[in-house]
Amino acid sequence: MAKILVVDDEPDLELLLRQKFRRRIRTGEFSLVFAQNGVEALEQLERHPDVDMVLSDINMPEMDGLTLLGQLDKLNLDIRAVIVTAYGDMKNIRTAMNRGAFDFVTKPIDFEDLDTTIQKTLDHLQVMRDALRSRDELVALRQELGVAARMQESILPTHYPEDSRFEMHAWMTPAREVGGDFYDFFQLEDDRIGIVMADVSGKGIPAAFFMMVSRTLLKGTAIGESDPAKCLGEVNDLLVKENEESMFVTAFYAKFQPLTGRVDFSNAGHNLPFIVKPSGEVEQIECEPGLVLGIMPTFDYPSGSVQMEPGDTFFFYTDGISEAMDEEGNEFGEKQLAEVLAECGGLTASDVNRHVVQTTQDHAGEAPQSDDITCLALRYLGDTS
């Protein structure tokens, strides 16, 4: 049973959380311990040394959440911390992430999002603990990379929004070695949804960790910055400051409005997505390539927008698809990808991904997979009322 310490000075929160998670508490999935500020939290940690996760507000009397994060770091405990803060409070979010927070949720709390965040955090903690228990048994680099791959998969979202206006589905088939592909989607203000498709340079454990940092920064910045181009510019500046290994990430970031079908986007050196019409007509998005993230500061990223019509599918992907090679070294290529997508008019989002991935793998045949195969399909259905 996982144990979660909730630190918040709002008296009604304990009742709300016990009510919301009563089934999971009753079935023994996790238990809850409560404290009203950072001082009480440290006392609770002494009484409950088996706490796995700390869910803490930032603004509290006696000891606030940011100070508590610093104390947790000094204690060197095997736990994960998730912060709760006001919507768009990027300054405190960044400070918290720098002090070791694993993730964050915003107020007013969306309990479905909180549930997902808790599960993701506990899953990641379990993966890390499994990795530590297995460390002495690892005798080859491949085993270490396998653990890193599980860590990578544990943070990618797998539950898609349920909305009559659109369908969304993502697919990732990791290569044998750990790579840096990632996708993400998250709720934004004004009923919009942020969607990210990205690819970190290199492979192995360094790429996996750089992927995690990039994903967190993109999500956190997107919540506070409505302009996709400015969002990528801000993330770029943050990555440049702490990039001693000179790694970089390509990214395509889009903001989707389910009410109208409008998609605003910006590109940072990534493969341009396609629009698939119900008729099978395929168009590639037009946008300047932009600069990859993490190399040069203060870059103005290009932006654009498209208007999706009911039945259109927006297809995001990484170069693990377009550059998949067969036994003779022939790449799959964007031209062939467009031809395959032309066969997907009218298909569901999940079927589009399955068809593209299957065709890519058929092209590769017995050739070893050299890169992650990652894609995301967004199908706009329009007003179905």
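These legends accompany close-up views of a predicted model.

**View 1. Two cysteines without a disulfide.** Searching the whole structure turns up zero disulfides. Cys-231 is in none, and its nearest cysteine sulfur, on Cys-287, lies 14 Å away. Because a disulfide calls for cysteine sulfur atoms within 2.5 Å, that separation of 14 Å leaves Cys-287 unpaired too. Take a look at the surroundings as well: Cys-231 is buried, with a relative accessible area of 0%, and Cys-287 also counts as buried, at 17% relative accessibility.

**View 2. Strand β2 and its partner β1.** Here you can follow β2 (residues 30-35), where six of the six residues are buried, so the strand is largely enclosed by the rest of the structure. Phe-30, Leu-32 and Phe-34 point one way from β2, while Ser-31, Val-33 and Ala-35 point the other way. Strand β1 (residues 2-7) pairs with β2 in the parallel sense, over six bridges. To find your place in the pairing, start with Ala-2, which stands opposite Phe-30 of β2.

**View 3. Helix α12 and what covers it.** Helix α12 (residues 349-364) has 16 residues, which should span 22 Å at 1.5 Å a residue; its end C-alpha atoms are 23 Å apart, which agrees. Buried residues of α12 include Val-352, Val-356, Val-357 and His-363. Among the elements covering the buried residues of α12 are strands β6 (166-173), β14 (313-317) and β15 (373-380), together with helices α10 (319-322) and α11 (333-341). Just after α12 comes Gly-365, with a positive phi near 60 degrees.

Note on methods:
Residues numbered from 1 in each chain as written. Predicted model: local features only at pLDDT ≥ 70, side-chain atom pairs only at ≥ 80, totals over all residues. Heavy atoms only, no water. Buried < 20%, exposed > 50% of the residue type's maximum accessible area, 1.4 Å probe, protein only. Helix = DSSP H or I, 4+ residues; strand = E, 2+ residues; numbered from the N terminus. Pairing = 2+ DSSP bridges. Expected span 1.5 Å × (residues − 1). Contact = heavy atoms within 4.5 Å.
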